[in-house]
Amino acid sequence: MAFSGDHSYRMKALESELFQFRIGELATMTGASTRQLRYWESKGIISSLIREGEQEARIYNYKAYVTVASIKQFLDEGYTLKAAVKKTKEHQENWHVLHNVIRQSVQGVVSLDDEPAVDLGFFDEEETQRLYAQIDENKKVKYTVRPWHEDTTHAE
């Protein structure tokens, strides 16, 4: 079993701050109007990125996209703006926890018994066993614990 390359490079590719959108793009992507976006920004619900120089066009990051998409979905379901914002914040708190757990636990993709597996790090406090996750033929997650030795880069 071998580690599949530079983990930090792959994790950097997932940095949400790298994704930026103009107001029209954000409106198209979410179904919200540019007028709604400007209103929500004036109320402090979302914020555009501060741009240097004389560039005045609004640019939004991925966090704003997620916020807008969520609020828009709740509005379409019949919630008031206030309720949609509240529910969106609750969902974002849960996603933040999930994101942090995944970011801290996923160590990379390895080959386990000639099949790809996600290395979820050490399973025990003594750091003698690693936890791996694979998807089986029934599309269910299968977990495997294998012994680990510091002097090797693979499980036994």
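## A nonpolar surface patch

Four residues form a nonpolar patch on the surface of this predicted model. They are Leu18, Phe19, Tyr62 and Val66. Together they offer about 350 Å² of accessible area.

Tyr62 belongs to helix H4, which covers residues 62-76. Its relative accessible area is 34%. Tyr62 is therefore partly exposed, since that value lies between the 20% and 50% cut-offs.

## The chain as a whole

The protein chain holds five helices and six strands. Read from the N terminus, the order of elements is α-β-α-α-β-α-α-β-β-β-β.

The chain has 156 residues, and 28% of them are buried. Its accessible surface is about 11,200 Å². Carbon and sulfur atoms account for 52% of that surface. Take the contacts between residues at least 6 apart in sequence: 35% of these join residues at least 24 apart.

## Thr88 against helix H4

Thr88 sits in helix H5, residues 81-105. Is Thr88 buried or exposed? Its relative accessibility is 1%, so Thr88 counts as buried.

Which residues does Thr88 touch, leaving aside those up to four places away in sequence? The partners are Thr67, Ser70, Ile71 and Phe74. With Ile71 there is a specific approach: the Thr88 side chain reaches the backbone nitrogen of Ile71 at 3.5 Å. Phe74 lies 14 residues from Thr88 along the chain. The C-alpha atoms of Thr88 and Phe74 are 8.1 Å apart.

## Salt bridges

Side chains of opposite charge can pair when their charged atoms come close. The whole structure contains five salt bridges. Three of them are described here.

Asp76 pairs with Lys72, with the closest N and O atoms 2.7 Å apart. Both residues are in helix H4. They are four residues apart, so about one helical turn separates them. The two ends of this bridge differ in burial: Asp76 is exposed at 56% relative accessibility, whereas Lys72 is buried at 15%.

Arg58 pairs with Glu41, and here the closest N and O atoms are 2.9 Å apart. This bridge links distant parts of the chain. Arg58 is in the loop between helix H3 (34-42) and strand E2 (59-61), while Glu41 is in helix H3. The two are 17 residues apart. Arg58 counts as partly exposed, with 31% relative accessibility. Arg22 bridges to Glu25, with 3.1 Å between the closest N and O atoms. Glu25 is also partly exposed, at 32% relative accessibility.

## Strand E3 and its hairpin

In a regular strand the side chains alternate between the two faces of the sheet. Strand E3, residues 108-112, shows this alternation. Which of its residues are buried? Gly108, Val110 and Leu112 are, and they point to one face. Val109 and Ser111 point to the other face and are not buried.

E3 pairs with strand E4, residues 115-122. The pairing is antiparallel and runs over five bridges. Within it, Val110 of the buried face stands opposite Ala117 in E4. Two residues lie between the strands of this hairpin. In the hairpin, Asp113 takes a positive phi near 55°.

Definitions and conventions
Residues numbered from 1 in each chain as written. Predicted model: local features only at pLDDT ≥ 70, side-chain atom pairs only at ≥ 80, totals over all residues. Heavy atoms only, no water. Buried < 20%, exposed > 50% of the residue type's maximum accessible area, 1.4 Å probe, protein only. Pairing = 2+ DSSP bridges. Contact = heavy atoms within 4.5 Å. Areas by Shrake-Rupley, 256 points an atom, 1.4 Å probe, with all protein chains shown as cover. Patch = residues over 30% accessible without salt bridge, like charges linked within 9 Å, V, L, I, M, F, W, Y side chains within 5 Å. Salt bridge = Lys/Arg side-chain N within 4 Å of Asp/Glu carboxyl O. Polar contact = N/O pair within 3.5 Å; in protein donor to acceptor, adjacent residues only side chain to side chain.
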